[in-house]
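User: Could you take me through the strands in this one, slowly? I'd like to know who pairs with whom and what gets covered up.

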Amino acid sequence: MPRMVPPAAVLLLAFGLWLGLLGLREARAGDSFDLLRWELATVANKALFAVGSPIRDDPPSDDALERYFALDDRYGEEARGLENAVEAVIEGRVDAAIREAGVSFPLPLPGALAVWPPVDIELARAPRVLVTSPRAEILRMDDRLLRTDLTLTERDAIEHEAEARDSSVSVLAIPTGGVATYPAIVRASASYRSLVAIAAHEWVHHYLAFYPLGRAIFNDPDALTINETVASIAGDELGEMVVARHGDPGPPRTVGAAPTIDRGEVLRELHTEVDALLAAGRIEEAERRMEEVRQELADHGVRIRRINQAYFAFYGTYASRYDAIHPLGGQLLELRERAGTLARFLELVRGVTTAAEVEELLAGLQRGGRF
């Protein structure tokens, strides 16, 4: 009989891994998000919730969800009173979807920990990420999480000051739906459908951290793009499984005036044009084109605060997005289809770290090979 891994020891290992990979990278003063402090406060809060659960009168799961997603303010006192119960329900539903998909960890674990790492989220204001790219090319070369309480004026100032200090870079403070801390930060104001997909997306990052793909993200731009795209593909699929099984307790979504332009097509064309201009050394012309197209989009009802090299560097790593141009997007989507099951897809991609390895893997499947 295989030797069982002590659950407490493995949990400590996971916590230490994510604190090391993420927390200490971001534990800086000033405008940065203090991730170390956030981790300590969040873990303590979750522990108190777990200890007090036998003596509390928490609302039924469906009632808690309906009340929570009916709130206009998900950061107010009433939302905070429901938050822990809602987190527990969503964690359980994403856990069930992962089990149903057959995604497993290669070590023997007790039944309660069959999904590894355990799904763990914290509904909160998600920090923005300050992305830095060279002006001469589109490349996500540095990220820094920003405090959640920064105003628009303060974010503008941070960007402009960074670009004034180094005229060779492009900088942008970009909103996030979630961050793969442990527990994962998930934006509380998201719709239910988006929220469960974000929770699943961040869990995929946790899962991949135990494999070569997850460990390579700080060393290679392609590995980061593969990682983010895999998390998007798998997270969206798991999120849809949750909604299909349990429905959507949120209020009907209101749809505003539809844009009079195809946002994705415009941004794809712009990204391609900017790549060509930068490759030719025409940096100022590329920047003028990005601003011209931003204003054109605004005239058609699509509001984007700023489009620059950092904008494309960040969103380009989510290569399955509607506006992405990176070939890894189509390759990974085809790989998911050819893999047959989500579990098999993750088993195949978790060991790759480069675009060449993705191409080789896909070519093998196209030839009918088995991996």
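Analyst: Here's a walk through the strands and the helix that sits on them. This is a predicted model, where local features need pLDDT of at least 70, side-chain atom pairs count only at pLDDT 80 or more, and totals for chains, interfaces and linings use all residues. Numbering starts from 1 along each chain as its sequence is written, and side-chain values use heavy atoms, with hydrogens and water left out.

Start with the open sheet: 3 strands in the order E1-E6-E5, with mixed pairing (strands are DSSP runs of E, at least two residues, numbered from the N terminus; a pair needs at least two bridges). E1 (121-124) and E5 (178-179) are the edge strands, each with a single partner, so one side of each has no neighbour in the sheet. E1 pairs with E6 (residues 184-187) in the parallel sense, over 4 bridges. If you want a spot to look at, Glu122 sits opposite Ile185 in E6. Helix H6 (residues 192-208) packs on this sheet and touches E1, E5 and E6, with contact meaning heavy atoms within 4.5 Å. The direction of H6 makes about 160° with that of E6.

Now for E4 (residues 169-174): 6 of its 6 residues are buried, so the strand is largely enclosed by the rest of the structure (buried is under 20% relative accessible area, with a 1.4 Å probe and protein chains only). Both faces of E4 are covered, with Val169, Val171 and Ala173 on one side and Ser170, Leu172 and Ile174 on the other. E4 runs antiparallel to E2 (residues 128-134), joined by 6 bridges. Look for Thr132 there: its bridge partner in E4 is Val171, one of those buried residues.

Definitions and conventions: Axes fitted to C-alpha atoms, helices over the stretch in contact; angles between N-to-C directions. Buried < 20%, exposed > 50% of the residue type's maximum accessible area, 1.4 Å probe, protein only.
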